[in-house]
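Student: I have a structure open on my screen and I would like to learn how to read it. Could you walk me through it with me?

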Amino acid sequence: MNIVDSTKATPVPLNDPELEQIAMTTLLIGRQLMESGARAEVVHEDCSIVAHGFGAEHVDLRSGYASVDITVSRGANTITRTMEVGPHGVDHRVSHALRDLVRRVQQGNLTPSEALAKATGLKRDTPHFAPSLVALAAGIACAAFGRLLGLDWPAFLPVAAAGAIGQAVRQLMQRRLVNVFVIAACIAFLSSSLAGLGSHWAGSATVNVAMVASVLMLVPGVPAFNAQSDIMEGHPTLGAARGVCVIMLLTFIAIGVLLAQVLLGVQP
Amino acid sequence: MTVDVLHLLHQAFFGAVAASGFGVLFNFGWRDLRWCATSGALALTIRTLGQNGGWSLEAATFAAAAAVGCGGRLLRARLGIANNALAVAGCIPMVPGFFAAQAIFGLFALTAPHPDNPSKLAVTTMEFALRVIFAAGAIGAGLSIVTHILRSPDA
């Protein structure tokens, strides 16, 4: 067995500054893809396309839950870089814009610096719905979801209102960078309490369903699908991490709802 | 098989509303929201028909997820790169969040100092937990199998 003595290794000076830019641009695109809800395989494929599109000869990517690492080689030069990944969300339009950017790189229409500039401003430049509209949509979605679970009509509006208020407060807490699990428990408690009180006053016979339906916008459906896909597609570490986060989130949501049920005296 | 058309329409309509609501939450564009609604309606229609036909919830959910995944693939040229995401949005109304909550409540109740009828509670909790695992697995498997069989370069 050959053992390399690292203390005697000669440091290799970086003589390919463009390789650095290729690595960082690729990592930025990979990070944003992960933050916008892409599966690991999509992140790996797109990062490979970008790095090869810029002229890298060999690319290795490792995607973790909280960071992505890349090694790119060209000629005699090889560099490895890492980048932190922020909170995992779902943003379809950002994801779509990123994949469009990847296609432009593949077609040779962008230099690394141009792609880096575009990727840096992409989240800011991508259109988003007004927060009030998102809150309203989340509330209506919760009430509709509730109907699928057997929610009666008197509880429909209270659930929609409670879901909308919960989503509005959730957006405020997200802007203040509050921990995602704390947000889940607090919003579950708030929305569930409001839905319970509202549906009780409205004469609903399904107060219990109303209290759960009002928090369904918090259920991490896309991360749950991604966890399964990642494990199936050969990324079990990321898939397992996503799965654990899904279970933790569900537990915090359940704690919030349970506290509300105890407060209102509703049997689970 | 007898089909209650009103119930079917009810499920399809609220599946569409829920999917498009989540579409806004996931920042789909205005143009894509109608496809989210279509996807949600298709998923709930197939799941309801399956359940009316005597299938288990899990089998009906699997069929619905596979059908929505296929629909997205077949309309790929028209929908562009969004097809897989649209299939996921359509499946969101089938996510067993309610069962998950009930399973966790059951676990909390089991660990209370003096639970009423712990054996029955344990069985009920286990049933909810298994339903969550199998229903979520059915959605994931339905979507993944279609994705891998009808694979495309922009998957």
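Tutor: Happy to! Let us begin with the order of elements along a chain. Chain B, read along its sequence, shows the pattern α-α-α-α-α-α-α. Keep in mind as we go that this is a predicted model.

Student: How many helices and how many strands does chain B have?

Tutor: Chain B has seven helices and zero strands. Its C-alpha atoms fill a box of roughly 60 × 35 × 30 Å along the principal axes.

Student: Since the model is predicted, what confidence does chain B get?

Tutor: For that we look at pLDDT, the predictor's own confidence in each residue. The average for chain B is 87, and 92% of the residues score at least 70. Within chain B, helix H4 (residues 76-79) has the lowest confidence, with a mean of 68, while H1(B) has the highest, at 94. For the complex, the predictor gives an ipTM of 0.88 and a pTM of 0.88.

Student: What share of chain B is buried?

Tutor: Here a cut-off helps: a residue is buried if 20 or more other C-beta atoms lie within 10 Å of its own, and exposed if there are 12 or fewer. In chain B, 53% of the 155 residues are buried. You can also ask how far apart in sequence the contacting residues are. Among contacts in chain B with a separation of 6 or more, 66% join residues 24 or more positions apart.

Student: May I try the burial rule on single residues? Is Gly37(A) buried or exposed?

Tutor: Gly37(A) is buried, because it has 22 C-beta neighbours inside 10 Å. You will find Gly37(A) in the loop between helix H1 (17-35) and helix H2 (40-53) of chain A. Setting aside neighbours within four places in sequence, Gly37(A) is in contact with His88(A), Gly89(A), Val90(A), Asp91(A), Ser95(A) and Val222(A).

Student: And Thr80(A), buried or exposed?

Tutor: Thr80(A) counts as exposed, because it has 12 C-beta neighbours inside 10 Å. Thr80(A) sits in strand E3 (residues 77-84) of chain A. Beyond four places in sequence, Thr80(A) touches Asp69(A), Ile70(A) and Thr71(A).

Student: How do I compare distance in sequence with distance in space?

Tutor: Pick two residues and look at both values. Thr80(A) and Arg104(A) are 24 residues apart in sequence, and their C-alpha atoms are 24 Å apart in space. For Gly37(A) and Leu194(A), the separation is 157 residues along the chain and 30 Å between C-alpha atoms.

Student: Which residues touch the most other members of the largest nonpolar core?

Tutor: They are Ala141(A), Val159(A) and Ile253(A), in a core of 102 residues. Helix H5 (residues 131-148) of chain A gives the most to this core, with twelve residues. Look at Ala141(A) in particular: beyond four places in sequence, Ala141(A) touches Met217(A) as well as Val17(B), Ala18(B), Gly21(B), Phe22(B) and Leu25(B). Apart from the largest core lies another, of 32 residues, including Met34(A), Leu98(A), Leu110(A) and Ala115(A).

Student: That brings in chain B. How many residues of each chain are in contact?

Tutor: The contact involves 34 residues of chain B and 36 residues of chain A. On the chain B side, two or more residues each come from helix H1 (5-25), helix H5 (83-91), helix H6 (97-110) and helix H7 (118-149). H1(B) gives the most, with nine residues. By class, this side has 26 nonpolar, eight polar and no charged residues.

Student: How does H1(B) pack with H2(B)?

Tutor: For two helices, look at the angle, the axis distance and the handedness. H1(B) and helix H2 (residues 30-52) of chain B pack at about 140°, with their axes 7 Å apart. Their crossing is right-handed. Among the residues making the contact are Gly15(B) and Ala19(B) of H1(B), and Gly40(B) and Ala41(B) of H2(B). By class, the contact has twelve nonpolar, nine polar and one charged residues.

Student: What should I look for in the backbone angles?

Tutor: Most residues other than glycine have a negative phi. Leu177(A) has a positive phi of about 60° although it is not a glycine. Leu177(A) lies in the loop between helix H6 (156-175) and helix H7 (180-201) of chain A. Another case is Asn117(B), with a positive phi near 45°, in the loop between H6 and H7 of chain B.

Technical notes. Residues numbered from 1 in each chain as written. Chains lettered and ligands numbered in written order. Predicted model: local features only at pLDDT ≥ 70, side-chain atom pairs only at ≥ 80, totals over all residues. Contact = placed C-beta atoms within 7 Å. Helix = DSSP H or I, 4+ residues; strand = E, 2+ residues; numbered from the N terminus. Nonpolar A, V, L, I, M, F, W, Y, C, P; charged D, E, K, R; others polar. Core = buried A, V, L, I, M, F, W, Y, C linked by C-beta atoms within 7 Å. pLDDT = per-residue confidence, 0-100. Axes fitted to C-alpha atoms, helices over the stretch in contact; angles between N-to-C directions. Left-handed = near helix turned anticlockwise from the far one by under 90°.
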